[in-house]
Amino acid sequence: MNIAFIGLGNMGAPMAANLAAAGHNVTGFDTAGVSVDGVAIANTAVAAVVGAEVVITMLPNGKILRSVAQEVIPQMESGALLLDCSTVDVQSARHVAEQATAAGLRAVDAPVSGGITGAAAGTLTFMAGGAPDAFAIAKPLFDIMGQKSVHCGDAGAGQAAKICNNMILGVTMAATCEAFALADKLGLERQKMFDVVSTSSGMSWSMNSYCPAPGVGPQSPSDNDYTPGFAAELMLKDLRLSQDAAAEVDADTPMGALAKSLYAQFVEEEDGMGRDFSALLPRFEKRGRG
Ligand code: NAD
């Protein structure tokens, strides 16, 4: 396939490289002027999309996605697929999909989980929103860049799934970290805490697969001095997206709101920036109730 790939950052570059390595003809563009193995680099986004059957975007936010989409949609071949893999607000995803459809194109929003290691290894999970025929075109590409893809529904459904998942993740990680800090103060060994909770009703991915306590549970960023992993500021971005979406549709999400405030404080006022999102544990460890 002729594929254009716009946004060759930490995630986009390895994803584009994997598509090229699988034999696709990939032309990329990034404002930062990067080079990626096997990918021809165009000088502009418009130059990258000419003749492409699929245009993939992997960009920082909804505002940038909207501006790139506005630029490239008029230049795309009729029937081509605009496949956005960025994490953006549901409104931007729906807006871009409507614009693409009105121009005779297909559109899928397909944010990912799995992070930079998943992007490099081709083991991402894609959660996709869009028409079934558009999803069918994207599916073989998901299979190259990832190990799982779920068709969640119409335009925006992928972004909705992503922010709901990450809202749960932010809340459970915060709860797991504060529970470890409480256990410390109650004199309970962390290993014992893990042994009990990971096999009891408090279990979660945060505890069982990504334990925030160093030396306990499977290998995780806590064992590497909380080097991300999944950076706290990316968690904050996703928690903000979920709260913005909740405000838009009048959904009551008090735990998500609390997790957002906590991560905002950690990233913007404390030492959370650039640390893994599980570094809330050393934060709680040092604090009292006051
Ligand atoms: P990044 O900042 O490394 O990459 C974004 C790239 O987009 C940069 O290289 C930037 O130069 C480029 N860019 C910005 N404006 C552009 C424009 N107008 N035209 C072309 N290129 C432009 O970010 P990332 O970590 O690769 O994340 C990309 C997306 O994936 C984000 O939406 C993020 O939330 C999401 N995501 C990231 C992770 C992760 O672990 N990094 C995990 C899941 C999802």
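Cysteine 164 is partly exposed, with a relative accessible area of 46%. Cysteine 152 is partly exposed too, at 34%. This is a predicted model, and both percentages are computed from it.

Now take the sulfur atoms. A disulfide is a covalent bond between the sulfur atoms of two cysteines. The sulfur of cysteine 164 has its closest cysteine sulfur in cysteine 152, 10 Å away, and that is too far for a bond. The cut-off for a disulfide is a pair of sulfur atoms within 2.5 Å. A search of the whole structure accordingly returns 0 disulfides. Cysteine 152 is in none, and its nearest cysteine sulfur is that of cysteine 164.

Turn next to the ligand. It is surrounded by 23 residues. Asn10, Met11, Asp30, Leu59 and Lys237 are the closest of these. Three polar contacts can be followed atom by atom, beginning with the backbone. A polar backbone atom of leucine 59 is 2.8 Å from an oxygen atom of the ligand. A backbone N or O atom of threonine 31 lies 3.4 Å from a ligand nitrogen atom. Lysine 237 uses its side chain instead: a polar atom there lies 2.8 Å from an oxygen atom of the ligand.

Empty space is the next topic. Rolling a probe the size of a water molecule over the atoms shows where empty space is left. Start with the open spaces. The largest pocket holds about 1,400 Å³ of space. Its lining has 46 residues. Nearest the centre of this pocket lie Met11, Gly115, Ile116, Phe230 and Leu234. Met11 appears in two lists: it is among the residues closest to the ligand, and it is among those nearest the centre of the largest pocket.

Which elements supply at least two residues each to the lining of the largest pocket? They are α3 (62-72), β7 (112-113), α5 (115-121), α7 (157-185), α9 (205-208) and α10 (232-249). The largest share comes from α7, with 6 residues. By class, the lining of the largest pocket divides into 23 nonpolar, 17 polar and 6 charged residues.

Helix α7 also takes part in the second largest pocket, where it and α12 (280-285) each supply at least two lining residues. Again α7 gives the largest share, here 4 residues. About 310 Å³ of space lies in this second pocket. The lining consists of Glu178, Ala181, Leu182, Lys185, Arg283, Phe284, Arg287, Gly288, Arg289 and Gly290. Sorted by class, that makes 3 nonpolar, 2 polar and 5 charged residues.

Last comes enclosed space. How many cavities of 30 Å³ or more does a search of the whole structure find? The search finds 1. Its volume is about 70 Å³. Three elements give two or more residues to its lining: β5 (81-84), α4 (90-102) and β6 (106-109). From 81-84 come Leu82 and Asp84. Helix α4 brings Ala93, Val96 and Ala97. Strand β6 brings Ala107, Val108 and Asp109. Leu65, Gly129 and Ala155 also line the cavity. The class count for this lining is 8 nonpolar, 1 polar and 2 charged residues. Asp84 and Asp109 are the charged ones, and Gly129 counts as polar.

Notes. Residues are numbered from 1 along each chain as its sequence is written. This is a predicted model: local features need pLDDT of at least 70, side-chain atom pairs count only at pLDDT 80 or more; totals for chains, interfaces and linings use all residues. Side-chain values use heavy atoms; hydrogens and water are left out. On a 1 Å grid over the protein atoms alone, a cavity is a set of points where a 1.4 Å probe fits but cannot get out, and a pocket is an open set with protein on both sides within 12 Å along at least five of seven lines; lining residues have an atom within 4 Å of a point. Grid points are joined across faces, edges and corners, and a volume is the space filled by probe spheres set on the points. Buried means under 20% relative accessible area, exposed over 50%, partly exposed in between (1.4 Å probe, protein chains only). A residue is near a molecule or strand if one of its heavy atoms lies within 4 Å of it. A polar contact is a pair of N or O atoms within 3.5 Å; within protein, one must be able to donate a hydrogen and the other to accept it, and residues adjacent in sequence count only if both atoms are side-chain atoms.
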